[in-house]
Amino acid sequence: MKAFDYVIDSFKRGMVQLVRRPMYFLTMVIIPLFGCWMLLDLLDAGAIKNVPVGIIDLDNSELSRRLSRNLDAFQQVSIKHQYSSFNEAKHAVQSGDILGFYYIPKGLQEEALSGRKPLVSYYINYSYYAPASIQYKGYKTISLLANGGIIQTALRTVGLPQQTITASLQPYVAHSHMPANPWLNYSYYLNSSFVPCFFSLIILMVTAFTLGTELKSGLCRQWLERAGNNMVIALAGKLLPQTALFTTVGWFIQWMMYRVYGLPLNCNPWHMILAMPMLVMANQGFATLMFCFTPNFRFGSTLCTLMGMLSFSFCAFSLPEEALYPWVAAIGYIVPIKYYFLLTVDQAINGIDLYYSRIYYAALVVYVIVPLLLSWRIKHECQNPIYVP
């Protein structure tokens, strides 16, 4: 039998196994599309607004009422309830009625005008990270503005002119310029990373299950024989049908991201269209590489799932890379989704010349080549299967 016949025979076997198990359609089509749609639709409005919060005003003075009005006017938070005690507000947070509250103690205005530095407090439920961050920003902004207002009143009382007061309180004015996301749209910088990372996690898990099932079921010898004892042909026949399906799903996800939900696409669309099959094959190659190191269903699947989940943090999707320990940031460069994310930043968001992103495309190709060079480890396991629960 010629090599081409082995390729066709192995490909047919992979197609039959893909079609016969409805679980593949569920995990490769339904779950990625539903999960990505949910992430995109959740932040479709852009910035998070009107986070429900409460306030405790024990001072009930002109200053405290002005603080309450300013906080309620802040676009990102909305005062839903006013409480008379700390325990009442705490119970409301625990029951989910509000996500935090602002505490104004009694005697705020009197102590502030007399220079005794009153203390205001705010309490935030960080179980919901994004709304909690919005609350913290609002509370801190209002507190700083109130502090500036108190100082301004005190300085005006002693007879200083307004120009001098303004120069003392604000010696310089800072302007923020965000050319890639001037609207501060949360969907643009969260979904540009979270959606591909979620999709990559699915690819890793399905590939790990596919390879692990062959080793665990005892059919690995038959799998290898159908490919003419060529492990590269066996892997290609097994994974290429999934590559085609995953790529199609990935292109549909890109269409949702850039056309339906309007995420930035400041490059030639073909740059990102080309990157999608490379991302799919790179993740399949990474999962295969894990099985080259640990040719065992349980160990290989666990390792792929672990690396896929940690990608959200190690690749600086949830935390900036500058805030990570150097060794943690270095781990992020092990997984292929990191290079796709850098591609997205360079091409889709910043729209720079393709020449400057060539290293990231090359990195995705490396993930396809390296496991093929180490495939003899899986071949040895297929020829001498030892079941390890």
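These legends go with several close-up views of a predicted model.

**View 1. The whole protein, before we zoom in.**
Let's start with the full chain, which has 389 residues, 45% of them counting as buried. Its secondary structure adds up to 16 helices and four strands. Take the contacts between residues at least 6 apart in sequence: 74% of these join residues at least 24 apart. As for the outside, the accessible surface is about 20,800 Å², and carbon and sulfur atoms account for 63% of that.

**View 2. The open sheet and its strand order.**
Here are the four strands, sitting in an open sheet in the order E2-E1-E3-E4, with mixed pairing. Which strands are at the edges? They are E2 (77–83) and E4 (121–124), each of which pairs on one side only. Go from one strand to the next and you'll find a twist that averages 25°.

**View 3. Strands E3 and E4, side by side.**
Zoom in on E3, made of residues 100–104, and its neighbour E4: the two pair in the antiparallel sense, over four bridges. Want a pair of residues to look for? Find Gly100, then look in E4 for its bridge partner, Ile124.

**View 4. Two helices lying across the sheet strands.**
Now bring helices H3 and H4 into the picture. Helix H3 lies across E1, E2 and E3, and runs at about 140° to E2. Helix H4, residues 86–95, lies across E1, E2, E3 and E4. How does H4 run relative to E3? The angle is about 165°.

**View 5. A salt bridge between Lys238 and Glu214.**
How many salt bridges does the structure hold? Just one. Its partners are Lys238 and Glu214, whose closest N and O atoms are 2.3 Å apart. The pair ties together distant parts of the chain, with Lys238 in helix H10 and Glu214 in helix H8 (residues 186–217), 24 residues apart. Are these two residues buried or exposed? Lys238 has a relative accessibility of 4%, so it counts as buried. Glu214 is buried too, because its relative accessible area is 3%.

**View 6. A nonpolar patch on the surface.**
Head to the surface and look for Phe11, Met15, Val19 and Leu240, which make a nonpolar patch of about 350 Å². Which helix gives the largest share of the patch? That's helix H1 (residues 3–20), which supplies three residues. One residue to pick out in helix H1 is Val19. Val19 counts as exposed because its relative accessibility is 65%, and the cut-off for "exposed" is over 50%.

**View 7. Asn60, a loop residue with a positive phi.**
Follow the chain out of strand E1 (51–57) and, in the loop before helix H3 (62–73), you'll meet Asn60. Check its backbone: phi of Asn60 is near 55°, a positive value in a residue other than glycine. Asn60 has a relative accessible area of 53%, so it is exposed.

**View 8. Asn229, another asparagine in a loop.**
For the last stop, look in the loop between helix H9 (220–226) and helix H10 (231–260), where Asn229 lies. Asn229 isn't a glycine, yet it has a positive phi of about 60°. Why is Asn229 described as partly exposed? Its relative accessible area is 40%, and "partly exposed" covers the range between under 20% (buried) and over 50% (exposed).

Note on methods
Residues are numbered from 1 along each chain as its sequence is written. This is a predicted model: local features need pLDDT of at least 70, side-chain atom pairs count only at pLDDT 80 or more; totals for chains, interfaces and linings use all residues. Side-chain values use heavy atoms; hydrogens and water are left out. Patches are made of residues with over 30% relative accessible area and no salt bridge: like charges are joined within 9 Å, nonpolar side chains (Val, Leu, Ile, Met, Phe, Trp, Tyr) within 5 Å. Accessible areas come from the Shrake-Rupley method with a 1.4 Å probe; for residues, only the protein chains shown count as cover. A salt bridge is a side-chain nitrogen of Lys or Arg within 4 Å of a carboxyl oxygen of Asp or Glu. Buried means under 20% relative accessible area, exposed over 50%, partly exposed in between (1.4 Å probe, protein chains only). Two strands pair if DSSP finds at least two bridges between them. Axes are lines fitted to C-alpha atoms, for helices over the stretch in contact, and angles run from 0 to 180 degrees between N-to-C directions. Contact means heavy atoms within 4.5 Å.
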